[in-house]
4 protein chains.
Amino acid sequence: PAPEWLSAAVYGLPELRRAAIQGAQLVANPGCFPTAAILALAPAFAANLITPEAIVDAKTGITGAGRSPSRRVHFSEMHDSLAAYGLAGHRHTPEMVQALTHANAATPPAITFVPHLVPMNRGILATCYATLRAGITEAMVHAAYQAQYEGELFITLCDAPPETGWVRGSNRCLLSLHVQGQRLIVVSAIDNLMKGGAGQAIQNANLLFGLPETAGLALEGLWP
Amino acid sequence: PAPEWLSAAVYGLPELRRAAIQGAQLVANPGCFPTAAILALAPAFAANLITPEAIVDAKTGITGAGRSPSRRVHFSEMHDSLAAYGLAGHRHTPEMVQALTHANAATPPAITFVPHLVPMNRGILATCYATLRAGITEAMVHAAYQAQYEGELFITLCDAPPETGWVRGSNRCLLSLHVQGQRLIVVSAIDNLMKGGAGQAIQNANLLFGLPETAGLALEGLWP
Amino acid sequence: PAPEWLSAAVYGLPELRRAAIQGAQLVANPGCFPTAAILALAPAFAANLITPEAIVDAKTGITGAGRSPSRRVHFSEMHDSLAAYGLAGHRHTPEMVQALTHANAATPPAITFVPHLVPMNRGILATCYATLRAGITEAMVHAAYQAQYEGELFITLCDAPPETGWVRGSNRCLLSLHVQGQRLIVVSAIDNLMKGGAGQAIQNANLLFGLPETAGLALEGLWP
Amino acid sequence: PAPEWLSAAVYGLPELRRAAIQGAQLVANPGCFPTAAILALAPAFAANLITPEAIVDAKTGITGAGRSPSRRVHFSEMHDSLAAYGLAGHRHTPEMVQALTHANAATPPAITFVPHLVPMNRGILATCYATLRAGITEAMVHAAYQAQYEGELFITLCDAPPETGWVRGSNRCLLSLHVQGQRLIVVSAIDNLMKGGAGQAIQNANLLFGLPETAGLALEGLWP
């Protein structure tokens with residue numbers, strides 16, 4: 001622990017904090033679940049489109065559980081099965097709250113976050129549920145996300161819900177927006193080892209050192 | 001279509017409608033997603049513990065997508081990937097609403113339902129999110145579910161979140177209850193081909209013909 | 001080690017040693033790979049159809065690698081991958097040789113055995129290659145296997161190559177016979193945890209205690 | 001069919017036919033199974049180390065079965081299962097025989113080839129079995145393969161049996177050599193869509209157009 005460095009550290013989500021990262025001395029690389037959830041919800045919070053309560057139902061491949069051998073990551077325990085975990089609280093919830101509060105300090109979010117382990121290697125799909133404020137239309141939702149992510153090379157707004165296989169090995173985040181009455185649903189897909197891990201760290205390093213932001217990073221993944 | 005039979009048909013969820021099924025001439029066997037969701041939420045609605053808005057984030061194995069060959073069920077499309085679908089509306093949502101309204105006609109539920117395809121063969125995990133009414137405690141939640149499902153051979157309340165692998169090949173539904181502040185989360189696991197399909201049809205037939213309710217049905221599945 | 005018991009122990013492959021098992025004081029339950037290979041090759045050796053040199057190329061699900069956590073059984077190491085192992089020698093080779101020598105003591109077999117780990121839970125597929133002696137016809141091969149396994153409830157000769165999914169959870173062994181010129185190929189499928197493990201142990205116990213040989217054993221598995 | 005072009009076509013395995021490919025007007029890109037098998041066996045045939053009879057037991061991921069939807073590639077049919085096929089003869093056997101005859105025209109090989117479908121996306125593992133001629137030692141085997149593949153960027157001789165996951169997304173072929181008495185076993189791993197497909201086509205195009213042979217081709221794959 002080095003609490004004296006906390007105030008100097010910048011949260012390294014380039015699409016939300018690019019300028020701060022470029023001038024930073026220390027960048028905190030985001031967690032995998034927070035990356036998927038924050039990119040999905042930040043535009044809606046920033047534009048004040050939704051009420052504070054939001055639900056992040058996230059599903060990760062088994063690489064998200066780490067490399068140490070254990071019962072949890074034994075092939076025959078997880079193959080052809082599916083598990084929720086962290087229901088007593090997960091360390092990534094406060095990370096989401098902090099970054100989304102930064103997006104709209106006036107109305108800090110209240111996040112319910114449940115992660116799930118899925119029998120695949122890579123990928124996170126975060127299905128995020130929020131409630132639109134009165135008077136907010138689907139067109140306003142689309143406009144807010146387009147404005148936020150315009151020109152971003154690593155973020156694509158999709159017409160259909162994205163699949164994690166589409167970003168396998170790439171540093172992209174794919175998002176789709178769905179409005180059902182007052183309910184806003186945002187589906188977010190990343191590769192947890194790329195945009196949710198080492199890929200984003202390279203993106204941050206590129207910003208720190210003044211390199212092209214895409215240097216060394218795959219836009220396209222490996223499919224299938 | 002045979003609309004003249006609709007009024008005679010009983011919704012075949014034995015744990016909620018056993019007496020009606022026993023005397024029925026026609027039983028409507030429930031869908032796979034509705035079975036997982038209704039068993040998870042009915043006790044909370046029936047005891048008036050939660051507000052009407054609930055979210056059902058459900059994940060199914062690929063057998064849930066049917067047996068006809070298509071791009072959707074091609075091994076290499078779905079293996080090591082994960083997809084949400086039905087975001088424009090799924091035929092199972094009204095089935096959930098109807099059965100949960102039956103549990104508490106005074107306050108009909110408003111269900112947001114998003115199904116997902118997961119790279120496994122069998123199993124549904126439904127993670128259900130609701131909001132507790134003011135004054136409702138965790139102890140009251142546990143008491144309501146225990147009262148509802150006491151003596152049910154095919155339903156078990158678990159201390160830890162259940163995994164779909166635990167019910168592979170069995171007709172059981174495993175439920176776990178989690179309270180985070182005012183948020184109630186119920187995790188529900190079934191085998192979509194058993195309790196969510198043919199298994200439940202056999203359970204209904206047993207009731208119709210006066211046989212032991214467990215006749216021909218596995219309590220224990222195949223693991224791993 | 002209790003070498004004084006070795007001479008009293010009977011090798012517990014019921015289809016080849018039933019009478020001896022019924023009168024035994026001690027039964028040695030066969031290994032998973034030997035069960036698949038010996039059932040595939042014993043009729044050909046016993047009827048003197050093939051030369052001594054045979055190759056067993058066997059593929060097992062990950063349950064075959066045991067339940068202890070390790071790098072080898074980590075989900076992300078084995079998922080979507082495939083590995084040969086034991087190329088410096090595997091303890092199951094002498095078990096195969098001993099049992100096949102028992103089938104034809106005059107010409108003891110020479111077995112090359114290579115096991116592989118496949119990303120699935122259960123199942124062994126053994127593809128066995130041998131050379132027909134001069135004058136042996138395909139009809140003679142079929143006749144020998146039919147004679148050996150006639151009336152066996154747990155063994156089925158298939159017209160098409162069997163798949164391991166067809167025996168998942170069952171105690172069956174499925175065999176198919178293929179002749180290409182002088183080459184005999186036998187494909188053998190078992191569930192390594194059933195006919196290749198605990199299932200066969202129950203079959204042996206049934207024989208020891210004079211119970212029906214199928215007591216407690218599934219003829220049909222769980223599919224899919 | 002354009003039989004008049006057959007005589008002009010060069011078989012496009014660069015490691016064996018580089019000079020001919022560079023001057024060719026038409027290059028025939030090899031099949032996936034033949035690539036794995038020929039690279040595994042050609043040095044042994046060329047150096048006259050083995051007798052003509054060889055067995056190729058090959059295992060492929062489901063992408064090897066093509067993209068058209070069918071029962072064969074339905075997720076729930078192939079997941080957690082394993083199948084042999086093509087036992088009545090496979091179009092890739094004559095392709096192997098032709099190329100290996102080219103390696104040693106004096107003693108044309110007799111190949112027994114059995115392909116298997118494995119529940120993974122990409123990758124071929126070919127386990128090849130041959131018989132060493134009298135007097136051939138393990139050291140002579142290693143020397144022949146090292147001489148053949150010295151300097152080849154896409155071929156690596158491994159000390160341990162290679163896994164298909166190690167070449168996922170790369171154009172490499174990994175080989176390991178194992179001698180058990182008179183038996184030679186060669187394990188060969190490729191990505192069927194890269195070295196076994198489009199990757200090798202790019203390698204051939206690079207040769208045809210005088211580009212660096214590795215242009216556009218990944219040496220390292222995506223792991224896990």
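Leaving aside neighbours within four places in sequence, which residues is D:Ile50 in contact with? The headings below start there, then turn to the core, the chain A and chain D interface, and the symmetry. The model is predicted.

## Around D:Ile50

Setting aside residues within four places in sequence, D:Ile50 touches D:Leu41, D:Ala44 and D:Phe45. D:Ala130, D:Thr131, D:Leu132 and D:Arg133 are also in contact with D:Ile50. D:Leu184 completes the list.

## The nonpolar core

D:Ile50 belongs to the largest nonpolar core, which has 51 residues. D:Leu41, D:Ile50 and D:Val56 have the most contacts inside this core. Helix α2 of chain D, residues 32-46, supplies the largest share: 11 residues.

In soluble globular proteins, nonpolar side chains tend to be buried together.

## Chain A against chain D

How much area do chain A and chain D bury between them? The figure is about 1000 Å². Carbon and sulfur atoms account for 59% of it. Chain A gives 12 residues to the contact, and chain D gives 12 residues.

How many salt bridges does the rule find across the interface of chain A and chain D? The count is 0. Polar contacts are present across this interface: 4 residue pairs, with both residues at pLDDT 80 or more.

## Chain A and chain B

A turn of 180° with a shift of 0.0 Å along the axis lays chain A on chain B, at an RMSD of 0.0 Å. The two copies are therefore related as by a two-fold rotation axis.

Of the interface residues of chain A, 100% are also interface residues in chain B, so the copies meet through the same surface.

Technical notes:
Residues are numbered from 1 along each chain as its sequence is written. Chains are lettered from A and ligands numbered from 1 in the order in which they are written. This is a predicted model: local features need pLDDT of at least 70, side-chain atom pairs count only at pLDDT 80 or more; totals for chains, interfaces and linings use all residues. Side-chain values use heavy atoms; hydrogens and water are left out. Copies are superposed by least squares on the C-alpha atoms of residues with pLDDT of at least 70 in both. Contact means heavy atoms within 4.5 Å. A nonpolar core is a set of buried Ala, Val, Leu, Ile, Met, Phe, Trp, Tyr and Cys residues joined through side-chain atoms within 4.5 Å. Buried means under 20% relative accessible area, exposed over 50%, partly exposed in between (1.4 Å probe, protein chains only). Helices (H or I, at least four residues) and strands (E, at least two) are DSSP runs, numbered from the N terminus. Buried area is the accessible area (1.4 Å probe) that two parts lose on being put together, summed over both. A salt bridge is a side-chain nitrogen of Lys or Arg within 4 Å of a carboxyl oxygen of Asp or Glu. A polar contact is a pair of N or O atoms within 3.5 Å; within protein, one must be able to donate a hydrogen and the other to accept it, and residues adjacent in sequence count only if both atoms are side-chain atoms.
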